[in-house]
Number of protein chains: 2
Amino acid sequence: MNTANLIRHEYNVRFAELDLNLSQAMMLAYVAEFGAESQSRMADRLGVGRAAAGNIVDVLEKRGLLERLPDPDDRRVWLVQTTADGKAVAEKINEIDVIFRADLRKGISRRERQELTNLLLRVQQNLRPETP
Amino acid sequence: MNTANLIRHEYNVRFAELDLNLSQAMMLAYVAEFGAESQSRMADRLGVGRAAAGNIVDVLEKRGLLERLPDPDDRRVWLVQTTADGKAVAEKINEIDVIFRADLRKGISRRERQELTNLLLRVQQNLRPETP
DNA sequence: GACGTATTGTATAGTGCCATACAAGCGGGA
DNA sequence: TCCCGCTTGTATGGCACTATACAATACGTC
């Protein structure tokens, strides 16, 4: 948990140059990668509630990085899409992310990284209350 | 980070039966273990700011689980100590913690747990900006 | 001793999230 | 067709923390 806090904090520091926090950056990057999806789906991807996702979209929309399109098949839904500006910022986000991840894994081999992911997932399994 | 969030959430769920959240439980357990220390030192142990630590102590003091004693050597400082009630609750905290940790490491060998800790610490090293 | 610097605890404002409740809209069954 | 349960996005209130500023106090140096 300590390590996770430090990583989140450092992400926020590095994204500060874009005037974004980690959640906003993740939202933008996801939308840029996966295209128009509903806010609920984005909330699931980000691991936050729908209300939080809506707020994040609000902020990014006000900055002109995202836009909401009505879903032709479901009038409840907003489909969220990147603007041209948003695409440009999303690329910078990816650059910062690539650099940070490289910094994080300095001195850690590929095998060790796989082992780390594997162990964390197994710990997560122990937290899921019997999902068969 | 995902795993850490799940762990924190599950801790909060399990401590809810004592009407405590994770930070309050950690505070109480630390004070019970290490005895009277200043709030700043407790803040460091918990990994939160001094203001947050002060608030946690406030809550636990109002519930009669902790008490503040003036430090005879430094009039700025409150030494924080457990009451008898606090000691009893701290024992329950430890029991819950032992059980949860056992649940978490189901199916994970001692060697793997050491490897996990080792890898996380090495990642943390990469986050410390040149502390020699 | 006097002074500047550092540390302690507190107060305040701001942030990011959750939980809950709600209206609008969807879909299936009678 | 109508109704019931479900999902979607939003509004609201609350929580836990941070960052910052502050007064009181300690400490090292002259």
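User: Hi! Which polar backbone atom is 2.8 Å from a phosphate oxygen of DNA strand D?

Analyst: Hi there! That one belongs to B:Arg75. Keep in mind that this is a predicted model.

User: Got it. What about side chains, say A:Arg68 and A:Arg76?

Analyst: A:Arg68 has a polar side-chain atom 3.3 Å from a phosphate oxygen of DNA strand D. A:Arg76 goes to a base instead: one of its polar side-chain atoms lies 2.4 Å from a base oxygen of that strand.

User: How many residues surround strand D, and which are the closest?

Analyst: There are 21 around DNA strand D. The closest are A:Ser40, A:Arg50 and A:Arg76 from chain A, plus B:Ser23 and B:Arg75 from chain B.

User: And which helices or strands do the residues near it come from?

Analyst: Chain A gives α3 (39-46) and α4 (50-62), while chain B gives α4 (50-62) and β3 (74-82). Each of these supplies at least two residues of that surface.

User: What kinds of residues are they: nonpolar, polar, charged?

Analyst: The surface near DNA strand D has seven nonpolar, eight polar and six charged residues.

User: Flip it around: what part of the DNA is by the protein?

Analyst: Of the strand D atoms within 4 Å of the protein, 69% belong to sugar or phosphate, and the rest belong to bases.

User: New topic! How do chains A and B relate?

Analyst: A turn of 180 degrees, with a shift of 0.0 Å along the axis, lays chain B on chain A with an RMSD of 0.1 Å. That is how a two-fold axis relates two copies. The same surface serves both of them, as 100% of the contact residues of chain B recur in chain A.

How values were computed: Residues numbered from 1 in each chain as written. Chains lettered and ligands numbered in written order. Predicted model: local features only at pLDDT ≥ 70, side-chain atom pairs only at ≥ 80, totals over all residues. Heavy atoms only, no water. Least-squares fit on C-alpha atoms with pLDDT ≥ 70 in both. Contact = heavy atoms within 4.5 Å. Near = heavy atom within 4 Å. Polar contact = N/O pair within 3.5 Å; in protein donor to acceptor, adjacent residues only side chain to side chain. Helix = DSSP H or I, 4+ residues; strand = E, 2+ residues; numbered from the N terminus. Nonpolar A, V, L, I, M, F, W, Y, C, P; charged D, E, K, R; others polar.
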